[in-house]
Amino acid sequence: MSSPVIWIIIPAAMGLLLWFLRSRQPLSLILAAIVCFILSVLAAVVPIGEVVNLGGLSFTLPSTLPVLGRRFVLTAGDQMILVLLYGLGAVWFALAPMAWPHRLFPSFGLGMLAALTAALAVEPFLYAALLVETAVLFSIPILSPPGRQVGQGLQRYMIFQTLAVPAILFAGWLLGVAEANPADTAMFQRAGILLGLGFAFWLGVFPFYNWLPMMMAETHPFPAGYVLSLLPTAILLLGLDFINSIGFLGDSATLFYVVRIIGVLMVVTAGLWAAFQVNLARVFGYAVIFETGFALLAISLNTLSGWMLFAAAFLPRLMGLLVFAFALAVLENQGIPLTLEGIRGLAHRYPLTAFGLLAAVLSIGGFPLLAGLPVRLEIFEQLATISRTSLIGAGLGTAGFLFSGMHLLSELIHSDEQEWRMLENWPARVILISGCLLLLAFGLFPKTFFQSILFILQAFPQLF
Amino acid sequence: MAAWTNFIPLVLVIAGSLSLLWTNKWRYNIAAIALQYLAVFWFVSQVWPIGLAAIKLVAGWMAGAVLAASVTASGSPELDPPAISARIFRAAGGVFVLILAFSVAPATMDWIPVHSAAMISSLVLIGMGLLQLSMTKDSLRVTLGLLMTLSGFEIIYAAAVTSVLLAGLLALVTIGVSLTGAYWLSLTAAEDPV
């Protein structure tokens, strides 16, 4: 038994098992949540590669699993990443019975988690492209379940994610060629361009992101929220792994300059488009772009504090998207149109959902006292020292996103109704209140929450 | 193998990809993709052991079979034949891709070690696949476009890397893409018994 068996093979096998239990939705969702929770706790407490004494039993958990001449490696440095990924899965599966109890979600959702963990573990890294593509293929039945027609956004998602495969595979091969002949700088450039293109397709980087809001408008917000929380998180970590293991990437000032420009463009365009968007599902899509833009800005700093900001941003990002997606799912399940017109006066009927929506949008926008602000503020400070233009761009995008939050607020409370009701069911009330309180707690006591997530950086020792 | 024989699969690739652009009839489209995978196998078998190269052919034909079975099972109506103006536009786009492939191939051969027919075929498949993807909303044609693009990439990548695991994973992706297409074709507007 090795660590890849526990965190890749077992969840994949559980996904397969849950496929056979798909007719029992609540049971399979609960099982998926329990499996993810156990794997997350195991990642937090069992040291990989060290001797573990359990009563009279003493054993060592090896970190490597060889497969057909290649290796899957999950070391002690990767443990916080495993905690994050499987913790994310546990929360989404646990909330699914209230938001989207679909029979395909547990099996394919677990399959996605296993494939993305395998992508992070595989050596040589170029195989990660094919494993990420496998995760994307697993996500399709979740995003377009039976009964829902496939739209153009979903097709484009599939197209862009698939186009990333050749780009990353070629980049991997070119890097091998370039390392054999370090004097050939052109090969490094070509590899860098292809690698950048591959990640641009994967992350929905400017200008390849139009599928994001389109797909959100076509699918149920909860599964889309799951996919758009998990996939960019894993791909950003994969990107960090590439920078960590490919020496010339970390030394390339041009790379970080380009990443900064792209990050600013993503923040500006997502913020401005969100400001004028009337469809809330599309606003969610822009929120994902906006968050990815800020993650790229943190990467572009290429300093220890930049990497720490990158890691710290995961919790507020994932929490904000979770609350946003859950609130949208509550509305979708009630048949309320996810438009500004559809939610007019919603605060009088669904006050907690309205509050959750607002808290999530404002937190993502970086509103004071909410989870998103501490990291945003620090990124602004760091940007101010290296590029005022980037700072102005990021500020403009943030203002746009906050404007969309204010617009949302005005529509939510705009009503002629005098009576206040609370139409959410009890589980939804508890979840929404907890989510809002957590967003507030993250904002008020950032250090308490951020310190543990910084251990993610242990997996990337070459960065600093 | 004589150099001129490599132009047989090149002709297959060009004919197949142009026919995919020209007609909407799914039978012809599936036949074209099957021919293209034969060409891919031809090129890959020159650099890989024949047993390993056969994976490409088997995976490609399986992908075609899955799509064909799905089209018939879903009872999807045949798409209307494209208007003559649309056909001329598509053909013009296809010819443009051909010109581009023939002119770019010599430069790319400097850094990827394949012969000219394989390189041109690969670029034609990638270009035609991207052209197809940019011009359609139909799930079958999107899937065929993706398969074309991937198969074009596989020709040149096979010359660069030989690996059993990679061959297996690429075959898995090929079949996965076709299964996704088949799944999309099978989706109906009927309510799902959640």
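This is a short dialogue on how to read a few features of a predicted two-chain model.

Reader: Start with the interface. How many residues does each chain give to the contact?

Author: Chain A gives 36 residues, and chain B gives 36 residues.

Reader: What area is buried between chain A and chain B, and what share do carbon and sulfur atoms give?

Author: The buried area is about 3,300 Å². Carbon and sulfur atoms give 75% of that area. On the chain A side, look for A:Q155, A:F170 and A:W173. Together they supply 18% of the area that chain A buries against chain B, more than any other three residues.

Reader: Which elements of chain A give two or more residues to this side?

Author: They are α5 (128–143), α6 (152–180) and α7 (185–203) of chain A. The largest share comes from α6(A), with twelve residues.

Reader: How many residues of each class lie on the side of chain A that touches chain B?

Author: Count 23 nonpolar, eight polar and five charged residues there.

Reader: How many salt bridges does the rule find across the interface of chain A and chain B?

Author: Zero. The test asks for a Lys or Arg side-chain nitrogen within 4 Å of an Asp or Glu carboxyl oxygen. Polar contacts are another matter. The rule finds seven residue pairs in polar contact across the interface, both residues at pLDDT 80 or more.

Reader: Now chain B by itself. How many helices and strands are in it?

Author: Chain B has seven helices and zero strands. Its pattern along the sequence is α-α-α-α-α-α-α.

Reader: Why call chain B as compact as a globular protein of its length?

Author: Compare two values. The radius of gyration of chain B is 17 Å, and the globule rule gives 16 Å for 194 residues. These are close, so chain B is as compact as a globular protein of that length. Its C-alpha trace spans about 55 × 40 × 25 Å along the principal axes.

Reader: What share of the residues of chain B count as buried?

Author: Of its 194 residues, 55% count as buried. Look at sequence separation too. Take the contacts in chain B with a separation of 6 or more. Residues 24 or more positions apart account for 74% of them.

Reader: Next, backbone geometry. What is the usual sign of phi, and what is the usual form of the peptide bond?

Author: Most residues other than glycine have a negative phi, and most peptide bonds are trans. Now look for the exceptions in chain A.

Reader: Where is the cis bond that leads into A:P124?

Author: It runs from A:E123 to A:P124, with omega near 0°. A:P124 lies in the loop between β5 (122–123) and α5 of chain A. Another cis bond joins A:F206 to A:P207, again with omega near 0°. A:P207 sits in the loop between α7 and α8 (211–218) of chain A.

Reader: And positive phi? What is the value for A:L68?

Author: A:L68 has a phi of about 50°, though it is not a glycine. Find A:L68 in the loop between β3 (64–67) and β4 (70–73) of chain A. Its relative accessible area is 58%, so A:L68 is exposed. A:N302 also has a positive phi, near 50°, and is a residue other than glycine. A:N302 is in the loop between α12 (280–301) and α13 (304–312) of chain A. At 31% relative accessible area, A:N302 is partly exposed.

Reader: Is A:S404 buried or exposed?

Author: The cut-off for buried is under 20% relative accessible area. A:S404 has 8% relative accessibility, so it counts as buried. This serine is in helix α18 (residues 388–413) of chain A.

Reader: What does the side chain of A:S404 reach?

Author: It reaches the backbone oxygen of A:F401 at 2.9 Å. Leaving out residues up to four places away in sequence, A:S404 touches A:A274, A:A275, A:V283 and A:V361.

Reader: One more. Where is A:G435 found?

Author: A:G435 is in helix α19 (residues 426–444) of chain A. Its relative accessibility is 6%, so A:G435 counts as buried.

Reader: Which residues does A:G435 touch, not counting those up to four places away in sequence?

Author: A:M319 and A:V323. Check A:F326 as well. A:G435 and A:F326 are 109 residues apart along the chain, and their C-alpha atoms are separated by 9.5 Å.

How values were computed: Residues numbered from 1 in each chain as written. Chains lettered and ligands numbered in written order. Predicted model: local features only at pLDDT ≥ 70, side-chain atom pairs only at ≥ 80, totals over all residues. Heavy atoms only, no water. Contact = heavy atoms within 4.5 Å. Buried area = accessible area lost by both parts, 1.4 Å probe. Polar contact = N/O pair within 3.5 Å; in protein donor to acceptor, adjacent residues only side chain to side chain. Helix = DSSP H or I, 4+ residues; strand = E, 2+ residues; numbered from the N terminus. Nonpolar A, V, L, I, M, F, W, Y, C, P; charged D, E, K, R; others polar. Rg over C-alpha atoms; globule rule 2.2 N^0.38 Å. Buried < 20%, exposed > 50% of the residue type's maximum accessible area, 1.4 Å probe, protein only.
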